[in-house]
2 protein chains.
Amino acid sequence: MFRKAKQNRIFQDVVEQIQEAIVSGKLKAGDQLPPERELKELFTISRGTLREALRVLEQKGLIEIRTGVAGGSIVKGVSTQQVSESLDLLIRYKKVSLQNLAEFRIGLEGDVAAHAAERATADDIARLRGLIAKAAAYLDKGREHWDSFIRTDEEIHLAIAETTHNPLFISVLATISHNIHTYYESYLPMEEPLLRENHQDIVNLVTAIESRRPDEARTIAQDHVRRFSAHMEQQGVR
Amino acid sequence: MFRKAKQNRIFQDVVEQIQEAIVSGKLKAGDQLPPERELKELFTISRGTLREALRVLEQKGLIEIRTGVAGGSIVKGVSTQQVSESLDLLIRYKKVSLQNLAEFRIGLEGDVAAHAAERATADDIARLRGLIAKAAAYLDKGREHWDSFIRTDEEIHLAIAETTHNPLFISVLATISHNIHTYYESYLPMEEPLLRENHQDIVNLVTAIESRRPDEARTIAQDHVRRFSAHMEQQGVR
DNA sequence: TCTATTGTAATGGTTAAACCATTACATATA
DNA sequence: TATATGTAATGGTTTAACCATTACAATAGA
């Protein structure tokens, strides 16, 4: 029914006030908070307590703190960074396995592909085609550019998510993608046939999106995720 | 290529040392850290700096801090709590709409239902049946217990997510559910037929899960979400 | 006049010592 | 034996001082 009434911790109150201002839009990304010595007067608290509050806000990714003249707390706005970081911690703590990630990602990438196919504009398609060409170029340029290929691949997945115009798909996919790519780099053998297979999947996917075939797009995306997860598992990832 | 080399902040070093000890298992959930006045000696830092470090660890959900004799920092281990909280912040900040949430939830609840049907144990089913009976009782007890019905309904959705045994499904669904229920309470008319319809959906869903019919479970879950989102939209939610 | 150097003041980072508020546990009392 | 009370441990907060870094202005040199 009720949660335990927490003892009032002053810094917590300060955190909530500033966070609320950011979430509600009163403070926008790029805005600068007054220096600590002024803020502490505004809240009528000591500098130490204020700094604990700023530390929490910094940890949440809501502000960035710079030293020096004209330094101070700069508002950053909410980003996927924090979701990503906490998920990363979970994975390292072995609470989330590669299978868990893959299983989740199959549904997610499928939905994203299907919705993208329903909504992609000509601009979206042009952007995707551009990224595909860029990836292909890296692939042809040889081994030392394959890192760039992988990064472009991730970029394409994100671009597809963006054509859904649903911030949830975008942020969740960004988080999962980022974490999957950590595995990618460690466990996917960097061999040309595999990268070519990867690229061909993407080409097929974008073609399906362009042709407005949601079901086909979903199937291609899900197959792709399944196949590459299997590749990684063969490399001995638990 | 490289990230900017951050200036060494002492509290950051302390955070990393303690976090590493937790993630690597040297510190386990339930373990108690020495009191601040001892810790500060161990790290040879001031109490203020130590407290900034503890604040960050607390914010990350890695420790819990209690006052009083025998209080102090208790290790909590890594949990999904932080993922949920940051995702929650993201939803509030990005002003994710009911449609955005519903669209995302359709795929998610479908996947969850299907995987639950594949994996549910006898215990899982018993638990779900128990919750369903509890919900039905609240429904029969009349209007003033309908709040409890709604809360039990959310509990059932979470219990289904838990039978997937995939922490990703669990924490993401928990977050989405929590946010959807904010809308629920504001926009869903509290009328008996609607609540009965809701309950019947859940009964059907659990039956499908019990009978190991993933596809049917997926369809029921998705229909349910679609129908109730439509109900809310009729109430004029953007 | 333009550029490179140097100075300086603003600002976050850290330390230290003191006192307050809460609470588990021991002790005393009915 | 059970309840009330005392007490010491522990986190929460304040204050004041000093250090480290840095943007910007003043200065010097070409």
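User: Why do the side chains of Arg9(B) and Glu58(A) count as a salt bridge?

Analyst: In this predicted model, Arg9(B) and Glu58(A) come to 2.7 Å, N to O. The cut-off is 4 Å between a side-chain nitrogen of Lys or Arg and a carboxyl oxygen of Asp or Glu, so the pair qualifies. The interface of chain A and chain B holds twelve salt bridges by this rule, and the count over all chains is 45.

User: Which helices of chain A supply at least two residues each to the side that touches chain B, and which gives the most?

Analyst: Helices α1 (10-23), α3, α4 (81-92), α5 (98-119) and α8 (167-187) of chain A each supply at least two residues of that side. The most comes from α5(A), with nine residues. By class, the side of chain A that touches chain B has 20 nonpolar, 15 polar and 13 charged residues.

User: How do you know how much area chain A and chain B bury between them, and which residues of chain A supply the most?

Analyst: Buried area is the accessible area lost when the two parts are put together, summed over both, so the figure of about 4,400 Å² covers both chains. Carbon and sulfur atoms carry 62% of that area. Tyr93(A), Glu103(A) and Leu168(A) supply 15% of what chain A buries against chain B, more than any other three residues. In terms of contact, 48 residues of chain A meet 49 residues of chain B.

User: What makes Arg51(A) and Glu36(A) a salt bridge, and which parts of chain A does the pair tie together?

Analyst: Their side chains meet at 2.9 Å, N to O, and the limit is 4 Å, so the rule is met. Arg51(A) is in helix α3 (residues 47-59) and Glu36(A) in helix α2 (residues 36-43), so the pair links parts of chain A that are 15 residues apart in sequence.

User: Are Arg51(A) and Glu36(A) buried or exposed?

Analyst: Buried means under 20% relative accessible area, so Glu36(A) at 16% is buried. Arg51(A) has 25%, which lies between the 20% and 50% limits and therefore makes Arg51(A) partly exposed.

User: Where do the partners of the salt bridges Arg196(B) to Glu192(B) and Glu109(B) to Arg105(B) lie?

Analyst: Arg196(B) and Glu192(B) are both in helix α9 (residues 192-210) of chain B, four residues apart, about one turn of the helix. Their closest approach is 2.9 Å, N to O. Arg196(B) has a relative accessible area of 36% and Glu192(B) has 33%, so each is partly exposed under the 20% and 50% limits. Glu109(B) and Arg105(B) share helix α5 (residues 98-119) of chain B, again four residues apart. The closest N and O atoms of Glu109(B) and Arg105(B) are 3.0 Å apart, and both residues are buried.

User: What makes Arg47(A) and Ile10(B) polar contacts of DNA strand C?

Analyst: A polar side-chain atom of Arg47(A) is 2.8 Å from a base nitrogen of DNA strand C, and a backbone N or O atom of Ile10(B) is 2.6 Å from a phosphate oxygen. The limit is 3.5 Å between N or O atoms, so both pairs pass. Gly68(A) also has a polar backbone atom 3.3 Å from a sugar or linking oxygen of that strand.

User: Which element gives the largest share of the surface near DNA strand C?

Analyst: That is α3(A), with three residues. By class, this surface has eight nonpolar, eight polar and nine charged residues.

Definitions and conventions: Residues are numbered from 1 along each chain as its sequence is written. Chains are lettered from A and ligands numbered from 1 in the order in which they are written. This is a predicted model: local features need pLDDT of at least 70, side-chain atom pairs count only at pLDDT 80 or more; totals for chains, interfaces and linings use all residues. Side-chain values use heavy atoms; hydrogens and water are left out. Buried means under 20% relative accessible area, exposed over 50%, partly exposed in between (1.4 Å probe, protein chains only). Contact means heavy atoms within 4.5 Å. Buried area is the accessible area (1.4 Å probe) that two parts lose on being put together, summed over both. Ala, Val, Leu, Ile, Met, Phe, Trp, Tyr, Cys and Pro count as nonpolar, Asp, Glu, Lys and Arg as charged, and the others, Gly among them, as polar. A polar contact is a pair of N or O atoms within 3.5 Å; within protein, one must be able to donate a hydrogen and the other to accept it, and residues adjacent in sequence count only if both atoms are side-chain atoms.
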